[in-house]
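Got your viewer open and a selection tool ready? Let's walk through this one together, stop by stop.

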Amino acid sequence: MSYLYASHLYWIPLLPALGFLVVILLGRLFKGRSAGYFTTLVMAIVAFLASGLLVEALQAAPQWAVEGGEAVLVRPALPGFPFTFDWSWLAIQGERGVHFTLYVDQLGAIVLFMVAWASLFIHLFSIGYMDGEERYATFFAYLQLFTAAMLTFVAAGDFFIALLAWEVMGLMSYLLIGFFFKKKSAQQAMKKAFITTKFADLGFMVGLFWLYKETGTFQMVEVGQAAEHLAAGVALAIGLLFFLAAMGKSAQFPLHVWLLDAMEGPTPVSAMIHAATMVAAGVFLMARFYPVLEAGHALPYLAWVGAITALFAAVLGAAFADVKKILAWSTVSQLGYMFLGLGVFGWAAAMFHLVAHAFFKALLFLGSGSMIHGAKTQDIFEMNRLARYMPWTYGTFLIGAAALMGIPPFAGFWSKDLILHMAEEHAPLLWAMGLVAAFFTAFYTTRLIVIAFHHPSYESPWKKAPWNQGCPALNLGPEDCPPEPPPPPDHHPHESEPVMITALLGLAVFSVAVGLWGSPIFGQKLLTYLYEGAAPEILPPAKLMGGYLLGTLIALAGLFTAVALYAKDPLKQRLPDPVVAALQRRLYIDEFYYKVVARVAQWPTDLLWIIDTYVVDFLVDLTGYAVGAFGQALRWLNSGKVATYAAYIVLGAILLILGGVRW
Amino acid sequence: MITLGHFLALSAVLFAIGLFGVITRRNLIAVLMSVEILLNAAAIAFAATAAYKDPVFFSGQLFALFIMVVAAAELSIGFAILLNVFRHTGSAATDVVEEMRG
């Protein structure tokens with residue numbers, strides 16, 4: 001059996017990497033928008049290849065059917081599946097070396113498909129959105145390298161390669177958050193993101209080396225087989241180290257702090273890296289690492305962290321005024337759902353949510369980019385009746401919002417309810433937290449839509465509030481982080497240009513389609529595809545009906561509460577000042593890091609500085625002085641008289657001869 | 001009977017004279033002359049040793065010829081340097097060239 005696309009699957013990560021090289025090396029040749037068109041074309045090819053790969057995976061994967069509540073294997077996997085590609089790297093004369101292994105199973109194929117298409121639409125959108133910005137070509141080069149790294153990470157069959165791709169993603173995230181590096185807040189935000197995620201990545205490295213010591217392999221399949229032989233304590237420790245990395249990358253409490261400030265980057269970057277793909281990499285890593293997590297009984301930690309994050313981020317999302325930051329909280333919260341899903345054995349449910357969320361959140365973020373582009377402000381209060389001026393943006397945003405809120409029949413409804421159903425069976429308390437979070441999700445999304453799209457422009461209450469002066473979350477005062485100026489009073493919002501609308505429409509189609517694909521309406525095809533014979537998520541719709549009803553009711557409750565509160569009087573503050581201040585300053589967690597954690601961490605740093613300055617530097621200087629003094633002492637030998645030198649030669653010759661006679 | 005020892009003694013005496021001249025003379029021309037004496041001392045040693053010990057290949061005699069060629073080349077370069085030093089400093093003494101003093 002030969003597979004056309006699967007046998008060439010290495011082109012999928014390779015093409016954007018080449019695109020990066022071309023654009024970064026020949027940057028000056030790309031005038032105007034040509035860099036955008038070129039990289040979008042590259043992504044179109046990659047999306048085509050990834051689609052072909054998914055089709056082949058769908059044909060070759062084992063096929064399951066649901067019959068009477070039981071999963072029945074209809075046909076086992078065809079030979080050659082999962083697709084692999086192996087290239088031995090750094091192998092010296094028979095040593096194993098590091099294997100550059102690509103491994104595409106059911107999950108890998110669908111996530112590759114998702115990343116490629118989301119990236120294509122985001123490239124397309126950026127053509128218009130970034131128009132006229134400085135370093136236009138560089139932006140697209142960065143996007144290309146990021147996409148290459150993400151595709152490598154998803155396709156990686158080797159944890160070492162995954163770590164490399166993971167770090168490249170971290171670097172591109174850093175560079176793209178700081179794309180507008182002339183702003184102090186962007187400089188501070190890029191450092192914050194980098195340091196937070198690097199701290200978490202230590203877990204990945206230490207865990208990986210430990211894992212290698214225990215199992216002797218980096219290969220994911222072999223690790224999966226070796227997992228059950230690990231001692232439970234070791235598996236738990238390694239699992240938690242990997243989970244630390246996932247928490248950092250996927251912005252889970254208490255390492256969520258960087259994601260909000262990552263919104264300093266251009267909006268397409270927020271859509272690509274900080275909503276659809278990179279932040280989901282943590283969830284994906286956990287999915288790949290599932291055997292070890294199960295062996296070490298680490299899943300309850302995932303579930304708890306996920307549920308806490310889902311709830312607290314959803315609540316905070318309702319307190320913010322910046323459209324991108326509301327969506328960022330929403331991302332944190334939805335990622336929490338995914339970890340909750342993984343933690344309560346809902347592996348396929350979490351992966352369904354991952355793919356669905358990527359599409360609808362990319363859609364929402366690009367929609368917010370379109371809003372910002374049209375309204376010339378990021379503050380929802382300053383936006384002026386956008387529904388009237390931006391019908392296409394409004395329509396697509398509603399589709400994304402319905403998916404996020406969990407309104408049937410949109411994507412988030414099916415995936416989130418499946419996660420909640422699994423939670424109900426395994427952890428009722430976390431289920432309750434998930435339900436409350438779902439209420440707040442519907443609430444903040446509706447609040448955003450009502451205020452931004454339907455209300456006229458107001459003076460922003462956020463900018464007036466005394467506790468929001470400067471950027472306390474970035475440790476910057478008002479002089480370093482002045483509020484963005486409101487749009488000029490005569491500014492009329494306008495609809496964005498066709499390339500941007502096309503991207504929005506494409507993502508809208510995908511987000512609806514993916515949701516339907518996994519829904520019982522079409523026989524939960526996505527879930528049976530992902531099913532691996534052990535997970536119990538394939539349930540008859542009758543069993544899910546109660547959950548569906550409850551989910552719909554909760555979403556509608558959140559929606560109507562927000563309409564009731566904000567339709568008439570959006571500016572009224574209903575909670576006392578200290579509560580609002582605490583919510584808007586993110587429960588002071590960021591400030592805690594700056595004021596306490598950073599200072600405590602400074603003590604050992606200071607100690608090391610003293611040792612470095614007075615011990616290490618002293619020794620280094622001493623070496624230099626000693627050599628210098630020795631030279632001074634021998635200076636008289638170098639008299640400058642030729643005759644003396646001749647005498648030295650003779651002396652040396654005599655000594656050599658005498659030495660030769662002796663020995 | 002003149003033995004190899006006599007030749008080697010002559011060579012050693014010439015070598016010592018040449019060495020003494022190289023180290024003590026201040027005039028560059030005298031130094032070059034002393035170098036010639038050194039080279040010829042070596043040539044005598046080669047030729048004599050070969051004449052007594054190696055009557056087949058004449059390798060020592062060949063070395064003596066080489067030394068003559070090298071000496072000629074060395075002298076021409078030495079005189080070129082000497083001329084330049086003289087033009088530069090107005091003197092042919094060795095101790096005026098002391099830029100390399102430590």
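The tour goes from whole chains to single residues. Keep in mind throughout that this is a predicted model.

**Stop 1: chain A as a whole**

Select chain A and colour by secondary structure: you should find 26 helices and four strands. Its radius of gyration is 29 Å, close to the 26 Å that the globule rule gives for 663 residues, so chain A is as compact as a globular protein of that length. Turn the C-alpha trace along its principal axes and you will see a span of about 105 × 65 × 50 Å.

Now switch on the surface. The accessible area of chain A is about 27200 Å², with 70% of that belonging to carbon and sulfur atoms. Buried residues account for 56% of the 663 residues. If you draw the contacts in chain A with a separation of 6 or more, 79% of them are between residues 24 or more positions apart. Colour by charge next: chain A carries 37 positive and 41 negative charges, and their mean positions are 8 Å apart.

**Stop 2: the disulfide**

Select C471(A) and C481(A) and show them as sticks. A disulfide joins this pair, with an S to S distance of 1.8 Å. Both cysteines sit in the loop between α20 (461–464) and α21 (498–518) of chain A, so the bond ties together parts that are 10 residues apart in sequence. Hide the surface for a clear view here, since C471(A) is buried and C481(A) is too. Over all chains, the count comes to one disulfide.

**Stop 3: a threonine inside a helix**

Move to helix α19, residues 428–454 of chain A, and pick out T445(A). Is T445(A) buried or exposed? The answer is buried, at a relative accessible area of 2%. Show its surroundings: leaving aside neighbours within four places in sequence, T445(A) is in contact with A401(A), L404(A) and M405(A).

**Stop 4: two cis peptide bonds**

Centre on F253(A) and P254(A), where the connecting peptide bond is cis and omega is near 0°. P254(A) belongs to the loop between α8 (232–249) and α9 (257–261).

Then jump to P408(A) and P409(A), joined by a cis peptide bond with omega of about 5°. The loop holding P409(A) runs between α17 (391–405) and α18 (411–426).

**Stop 5: positive phi without glycine**

Select F345(A), which is not a glycine yet has a positive phi of about 70°. You will find F345(A) in the loop between α14 (323–343) and α15 (347–375). At 35% relative accessibility, F345(A) counts as partly exposed.

Y588(A) is another residue other than glycine with a positive phi, in this case near 60°. Look for Y588(A) in the loop between α24 (577–584) and α25 (589–633). Y588(A) is partly exposed, with a relative accessibility of 35%.

**Stop 6: over to chain B**

Finally, select chain B. What pattern does chain B follow along the sequence? Reading along, you meet α-α-α. The radius of gyration of chain B is 17 Å, well over the 13 Å from the globule rule for 102 residues, so chain B is more spread out than a compact globule. Its C-alpha trace spans about 50 × 25 × 25 Å along the principal axes.

Buried residues make up 28% of chain B, and its accessible surface comes to about 6800 Å², 76% of it from carbon and sulfur atoms. To finish, colour the charges: chain B has 5 positive and 6 negative side chains, with the centres of the two sets 5 Å apart.

Methods:
Residues numbered from 1 in each chain as written. Chains lettered and ligands numbered in written order. Predicted model: local features only at pLDDT ≥ 70, side-chain atom pairs only at ≥ 80, totals over all residues. Heavy atoms only, no water. Helix = DSSP H or I, 4+ residues; strand = E, 2+ residues; numbered from the N terminus. Rg over C-alpha atoms; globule rule 2.2 N^0.38 Å. Buried < 20%, exposed > 50% of the residue type's maximum accessible area, 1.4 Å probe, protein only. Areas by Shrake-Rupley, 256 points an atom, 1.4 Å probe, with all protein chains shown as cover. Lys, Arg positive; Asp, Glu negative; His and termini not counted. Charge placed at Lys NZ, Arg CZ, Asp CG, Glu CD. Disulfide = S-S within 2.5 Å. Contact = heavy atoms within 4.5 Å.
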